[in-house]
Amino acid sequence: RNLLHLMNLERCDAGISPTLWQRSLHPATYQNKISVIHEGVDTDLMAPDAGAALTLPGGRRLTRADTVLSYVARNLEPYRGIHVFLRALPEIQRRNPHAVMVIVGGDGVSYGRKPEGAANWREKLLAELGDQLDLSRVVFTGQLPYADYRSLLQISSAHAYLTYPFVLSWSALEAMSCGCLLVASNTPPVAEVMRHCENALLFDFFDQEALAQQVTDA
């Protein structure tokens, strides 16, 4: 699997990596060829907006006056920590009785594989949690138009971002650009851009109790 990449590294004059962490995974012999240049995010477009609002599929309108916990991924799957996030939600709801959880993402698979015994990870995890969750306060939007996604980031009281040691999502940086308070897993790609109690609240990826507490603190 790595042979094609190795051949390209050998033949190329220069390479580009978005992050230091990704560059560090290449053989040391070739790292001096690779410049760390992130693609960047549009910080003029993705900026705080005190007047932002989001209308949910059921018609409810949310603003910054509401207590909103957001979660965003292209698809809801373990690589982006959906299993840890959803399993922590019952405790998050108990501690934050007025909070609305808005979860953005499709039911497909971007990374990894489909679950066994269920059509997708969302259905599998909801079946596991059963009546532990108050689904009247959890909104699954599916994938959103970009303008609505931006509005969600702008109104969020806290934004949960979890990832395996894998490429850092643009959504994490766009959430930061929108002024979100991020509650994020302390994994290598995250730790490269976020510092605990400086520009995010970090927790161990598998520590659901810490996730619930950090969200509540946020």
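Start at Gly179. Just after helix 6, Gly179 takes a positive phi of about 85 degrees. Helices here are DSSP runs of H or I with at least four residues, strands are runs of E with at least two, and both are numbered from the N terminus. The model is predicted: local features need pLDDT of at least 70, side-chain atom pairs count only at pLDDT 80 or more, and totals for chains, interfaces and linings use all residues. Residue numbers run from 1 along each chain as its sequence is written, and side-chain values use heavy atoms, with hydrogens and water left out.

**Helix 6**

Select residues 170-177. This is helix 6, and it is mostly covered, with six of its eight residues buried. Buried means under 20% relative accessible area, exposed means over 50%, and partly exposed lies in between (1.4 Å probe, protein chains only). Colour Ser171, Ala172, Leu173, Glu174, Ala175 and Ser177: these are the buried ones. Now show the cover, which includes strand 5 (68-75), helix 5 (146-155), strand 8 (158-161) and strand 9 (182-185).

**Helix 5 against helix 6**

Keep helix 6 and add helix 5. The two pack at an angle of about 55 degrees, with their axes 9 Å apart. That makes helix 5 oblique to helix 6. Axes are lines fitted to C-alpha atoms, for helices over the stretch in contact, and angles run from 0 to 180 degrees between N-to-C directions. Under 35 degrees counts as roughly parallel, over 145 as roughly antiparallel, 65 to 115 as roughly perpendicular, and the rest as oblique. Helix 5 passes helix 6 in a right-handed crossing. Right-handed means the near helix is turned clockwise from the far one by less than a right angle; anticlockwise is left-handed.

Show side chains. Tyr146, Tyr149 and Leu153 of helix 5 meet Ser171, Glu174 and Ala175 of helix 6. Contact means heavy atoms within 4.5 Å. By class, this contact has four nonpolar, one polar and one charged residues. Nonpolar covers Ala, Val, Leu, Ile, Met, Phe, Trp, Tyr, Cys and Pro; charged covers Asp, Glu, Lys and Arg; the others, Gly among them, are polar.

**Helix 3 and its partners**

Move to residues 82-95, helix 3, and add helix 8 at 208-217. Their axes come within 9 Å and cross at roughly 50 degrees. Helix 3 and helix 8 are therefore oblique to each other, and their crossing is right-handed. The helix 3 side of the contact includes Val84, Phe85 and Ala88, and the helix 8 side includes Leu211, Ala212 and Val215. Its residues divide into seven nonpolar, three polar and four charged.

Swap helix 8 for helix 4, residues 121-129. Helix 3 and helix 4 pack at about 30 degrees, axes 10 Å apart. They are therefore roughly parallel to each other. This crossing is right-handed too. Ile82, His83, Leu86, Arg87 and Pro90 of helix 3 touch Trp121, Leu125, Glu128 and Leu129 of helix 4.

**Two loop stops**

Pick Asn96, in the loop between helix 3 and strand 6 (100-106). Asn96 is buried, with a relative accessible area of 16%. Its side chain makes a polar contact with the side chain of Thr216 (3.1 Å). A polar contact is a pair of N or O atoms within 3.5 Å; within protein, one must be able to donate a hydrogen and the other to accept it, and residues adjacent in sequence count only if both atoms are side-chain atoms.

Finish at Gly117, in the loop between strand 6 and helix 4. Gly117 is exposed, with a relative accessible area of 89%.
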